[in-house]
2 protein chains.
Amino acid sequence: MKSRLSSFHPAPPVNFSSSPTFSPLYRQIKNLIMEQLASGEWRPGDAIPSEADLALRFGVSQGTVRKAVDEMAMENLLVRRQGKGTFVATHDDPHSFFRFLRLAANEGKLPVSRSIPLECSRGCAGAEVAQMLGLKQGDPIVMMRRLLYFGDAPVVFDEIYLPGDLFQDLSLETLKESDKSLYSLFETRYGVRMIRADERLFAVRAEGIAAQQLNVEEDSPLLLVERVAFTYGDKPVEWRRGFYLTREHHYHNELN
Amino acid sequence: MKSRLSSFHPAPPVNFSSSPTFSPLYRQIKNLIMEQLASGEWRPGDAIPSEADLALRFGVSQGTVRKAVDEMAMENLLVRRQGKGTFVATHDDPHSFFRFLRLAANEGKLPVSRSIPLECSRGCAGAEVAQMLGLKQGDPIVMMRRLLYFGDAPVVFDEIYLPGDLFQDLSLETLKESDKSLYSLFETRYGVRMIRADERLFAVRAEGIAAQQLNVEEDSPLLLVERVAFTYGDKPVEWRRGFYLTREHHYHNELN
DNA sequence: CAGTGGTCTAGACCACCTC
DNA sequence: AGGTGGTCTAGACCACTGA
């Protein structure tokens, strides 16, 4: 495929021919911006250059940059703020706390939440975790467990698996000291930003530690939410099993 | 708010002032198109006029129409097909069968499905149903039950409540004769098109008819999916409780 | 006030479909 | 060949923000 783009070096107005792998200009721009994000050049919370600026750098019209940014804003990678600029999306923003937590109260508003870390240990990936995280068996991993309280009651028990090499110094102390959300911590401390996730939901019987921690009888029904979360480049970087107590709460989903 | 638009009558190029309820032109266009859809002027599956045509009728530029249509395509109200035209989205399209059914097989592809209607009766809305459907208690409703098979096994047991006045002649025979999906039937036969839905998920114990029909022991865990579906104008027109057997299958959700 | 994103226009050309 | 949606441009002006 022909390209008139080289990062930050204006190029002549050549354009696409009828090539089999045709990709419109704005998509090439989008990819360039994506690379800047993935490389950490522009960090979460930062403002990226103005549309006019980007148009100049890339040697395209502002409308083309605009379309690229539009798509990325739609995908929650960027956030536009009129009059101020365009910013790299961040989990630090309390507004985006519920982007990956589809939990709601059956009645009324969801009370404030607390995350209680229970344990954090290191080990080697078994077959299942290795497959989910795209690792080899035996690769180092981190496993952690935690409890989510809403109001006075525990509602979610999470078991979380992470690639060990990306989260070198993650420990129970680190988790306890942090007052941010988990993804916010991952982002600021480890430079790992979650941008997408796949969830599989099952109804299961409560057993073992999940039943204990959620303070329910064995064999009570629990909602099991298995999640694989991805960072830039569709790279899986978290596998999680969450047990949700759906008595006063539920998993909320909007279908369009 | 000023408007230069009157349906299908070109107007002078007046534009917005700094009014408190400012709405951009393309949004006004969008609303006009929406009205055509809601009124049944343009029916599911139909082609709507070309962008150039619409631009002429509305007295705006093609780019403005384009932006309106873009948004509606994003919301699955319209479907664009390059070289052919823009069409009103329809549930008749087998491709959109899974738009409102987030069910997937744990392994492999989902086998073909069959819908088995079990019963269909008329009655009066109780408090809960009335509230969900925006009716008054005692208003006529239709209740139906059905079973969804995937391959040889029943996987979903649905209990569905509809406003009686919108589905006058809906009966068990009607359901048995139809080989389409439910929403497809609603659309073609009753002119009721679902465009959006809210779902609440719970893990519950199997009991009564749901346990029988899904062929599981009482107290087995089942995934309960409560859905309110809306048609144009955010009018609720269906309330549904679906019991999902999540052994070989799961509820799949993608978070962005 | 200057700088940012947001809207709107008019026109050119490309890619895809159908006749 | 003619129609449709898809891309790209250049330029004008509006709305919002903050110094």
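This tour walks through a predicted model, stop by stop, from the domains of one chain to the DNA and then to the contact between the chains.

Begin by selecting chain A and colouring residues 25-88 apart from residues 94-251, since these ranges mark domain 1 and domain 2 of that chain. The centres of the two domains, taken over C-alpha atoms, are separated by 31 Å, and the contact between them draws 7 residues from domain 1 of chain A and 7 residues from domain 2 of chain A. If you show only the domain 1 side of that contact, you will find 5 nonpolar and 2 polar residues, with no charged residues.

Next, select DNA strand C together with the 21 residues around it, among which Leu25(B), Ser61(B), Gly63(B), Thr64(B) and Gly83(B) come nearest. Both protein chains appear here: α2 (51-58) and β3 (85-88) of chain A, as well as α1 (25-38) and α3 (62-74) of chain B, each supply at least two residues of this surface. Coloured by class, the surface near DNA strand C shows 11 polar, 7 nonpolar and 3 charged residues.

Finally, turn to the contact between chain A and chain B, to which each of the two chains gives 24 residues. On the chain B side, β8 (196-205), β9 (221-231) and β11 (249-255) each give two or more residues, and β8(B) has the largest share, with 10 residues. This side divides into 11 nonpolar, 7 charged and 6 polar residues. To see strands pairing across the chains, select β8 of chain A (residues 196-205) and β11(B), which run antiparallel and are joined over 5 bridges; within this pairing, zoom in on Leu201(A), whose bridge partner in β11(B) is Tyr251(B).

Notes
Residues are numbered from 1 along each chain as its sequence is written. Chains are lettered from A and ligands numbered from 1 in the order in which they are written. This is a predicted model: local features need pLDDT of at least 70, side-chain atom pairs count only at pLDDT 80 or more; totals for chains, interfaces and linings use all residues. Domain bounds come from an automatic or database domain assignment. Ala, Val, Leu, Ile, Met, Phe, Trp, Tyr, Cys and Pro count as nonpolar, Asp, Glu, Lys and Arg as charged, and the others, Gly among them, as polar. A residue is near a molecule or strand if its C-beta atom, placed from the backbone, lies within 6 Å of it. Helices (H or I, at least four residues) and strands (E, at least two) are DSSP runs, numbered from the N terminus. Two strands pair if DSSP finds at least two bridges between them.
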